[in-house]
Amino acid sequence: MGLFDRMQSQNAAQNTQQTLTKPQEGSFTFTFPELPETLAQMQALPESALDTPYKTAALAVCALCCYAVDEENGRQMLEFLRGPKGPLSPYEKQFLRDRFSGQQYVPFSYFDGAKPENDYRPDEPYKITFYSDPYSFGNEGYAKLNVRSGGADSPRQIQLRRKGNQWFLWEQFVLVGIRQPASQDAWS
């Protein structure tokens, strides 16, 4: 059973690979046959080299999908992606708990095919596209990449920070409100 299926089961009970030598503008799509469910599975993916901001951003959404289903494994993945920034603080853990309360579907909405009408069930294999704009690499050592949600009209961002030849998760702005899935929307 995949992560999305596990999340769907929990909700019911509760009512690619691009290689870049330097950052550049563009869009990059990543394809995952399955979403990682453990840190070991994530580290086995070629994207775990974290050698481009796009790879780190794609894995960050995967980690948030895992967090929606399994807080401990998701936390381990996020902390790996944060690198030198270190473990999540108690405040950050509470923030994540609050954001996921009744909205576990949000990180899945960034994958192709996920939309309110199908309760944000992404197409398989799981594809996600990140793109840059003229401001994405405006600050030395940082990147702010855009990603689209099937439940929002405007793109969301993930900010990354470079250390040496690797890019780490600095901040995410993807756990924000989106349209409710059809099964939860009384007006659908």
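Helix axes here are lines fitted to C-alpha atoms over the stretch in contact, and angles between them run from 0 to 180 degrees between N-to-C directions. By that scheme, the axes of α3 and α5 cross at roughly 75° and come within 10 Å. The model is predicted. This briefing covers the helix packing, the nonpolar core, and the surroundings of Asn-146, Gln-157 and Gln-103.

**Helix packing**

- Two packed helices are described by the angle between their axes and the distance between the axes.
- The angle between α3 and α5 falls in the range of 65 to 115 degrees, so these helices are roughly perpendicular to each other.
- On the α3 side, Leu-64, Tyr-67 and Ala-68 meet α5. Their partners in α5 are Lys-93, Leu-96 and Phe-100.
- α3 also packs against α4, at an angle of about 160°. Their axes lie 6 Å apart.
- Angles over 145 degrees count as roughly antiparallel, so α3 and α4 are roughly antiparallel to each other.
- The crossing of α3 and α4 is left-handed.
- In this contact, α3 uses Thr-56, Leu-59, Ala-60, Ala-63, Leu-64, Cys-66, Tyr-67 and Val-69. α4 answers with Glu-71, Asn-73, Gly-74, Arg-75, Met-77, Leu-78 and Leu-81.
- Leu-64 and Tyr-67 of α3 take part in the contact with α4 and also meet α5.

**The largest nonpolar core**

- This core holds 48 residues. Phe-32, Phe-111, Ile-128, Phe-130 and Ile-158 touch the most other members.
- Helices α3 (53-69), α4 (71-82) and α5 (90-100) each supply at least two residues of the core. Strands β1 (27-32), β2 (126-131), β3, β4 (156-163) and β5 (166-172) each do so as well.
- α3 gives the most, with 14 residues.
- Ile-128 has contacts beyond four places in sequence with Phe-28, Thr-29, Phe-30 and Phe-32. Its further contacts of this kind are Ala-58, Val-61, Tyr-110, Phe-111 and Val-147.

**Asn-146 in strand β3**

- Asn-146 sits in strand β3, which spans residues 142-147.
- Its relative accessibility is 4%, so Asn-146 counts as buried. The cut-off for buried is under 20%.
- The Asn-146 side chain makes a polar contact of 3.2 Å with the side chain of Asp-133.
- Another polar contact, of 2.9 Å, joins the side chains of Asn-146 and Gln-157.
- Leaving out residues up to four places away in sequence, Asn-146 touches Thr-129, Phe-130, Tyr-131, Ser-132, Asp-133 and Ser-136. Pro-155, Arg-156 and Gln-157 complete that list.

**Gln-157 in strand β4**

- Gln-157 is found in strand β4.
- Its relative accessible area is 22%, so Gln-157 is partly exposed.
- Beyond four places in sequence, Gln-157 is in contact with Lys-144, Leu-145 and Asn-146. Gln-172, Phe-173 and Val-174 are also in contact with Gln-157.
- Gln-157 and Phe-130 are 27 residues apart along the chain. Their C-alpha atoms are separated by 9.0 Å.

**Gln-103 in a loop**

- Gln-103 lies in the loop between α5 and β2.
- Gln-103 is partly exposed, with a relative accessible area of 28%.
- Gln-103 and Pro-181 are 78 residues apart in sequence. In space, they are 9.4 Å apart, C-alpha to C-alpha.

How values were computed
Residues are numbered from 1 along each chain as its sequence is written. This is a predicted model: local features need pLDDT of at least 70, side-chain atom pairs count only at pLDDT 80 or more; totals for chains, interfaces and linings use all residues. Side-chain values use heavy atoms; hydrogens and water are left out. Helices (H or I, at least four residues) and strands (E, at least two) are DSSP runs, numbered from the N terminus. Buried means under 20% relative accessible area, exposed over 50%, partly exposed in between (1.4 Å probe, protein chains only). A polar contact is a pair of N or O atoms within 3.5 Å; within protein, one must be able to donate a hydrogen and the other to accept it, and residues adjacent in sequence count only if both atoms are side-chain atoms. Contact means heavy atoms within 4.5 Å. A nonpolar core is a set of buried Ala, Val, Leu, Ile, Met, Phe, Trp, Tyr and Cys residues joined through side-chain atoms within 4.5 Å. Angles under 35 degrees count as roughly parallel, over 145 as roughly antiparallel, 65 to 115 as roughly perpendicular and the rest as oblique. A crossing is left-handed if the near helix is turned anticlockwise from the far one by less than a right angle, and right-handed if clockwise.
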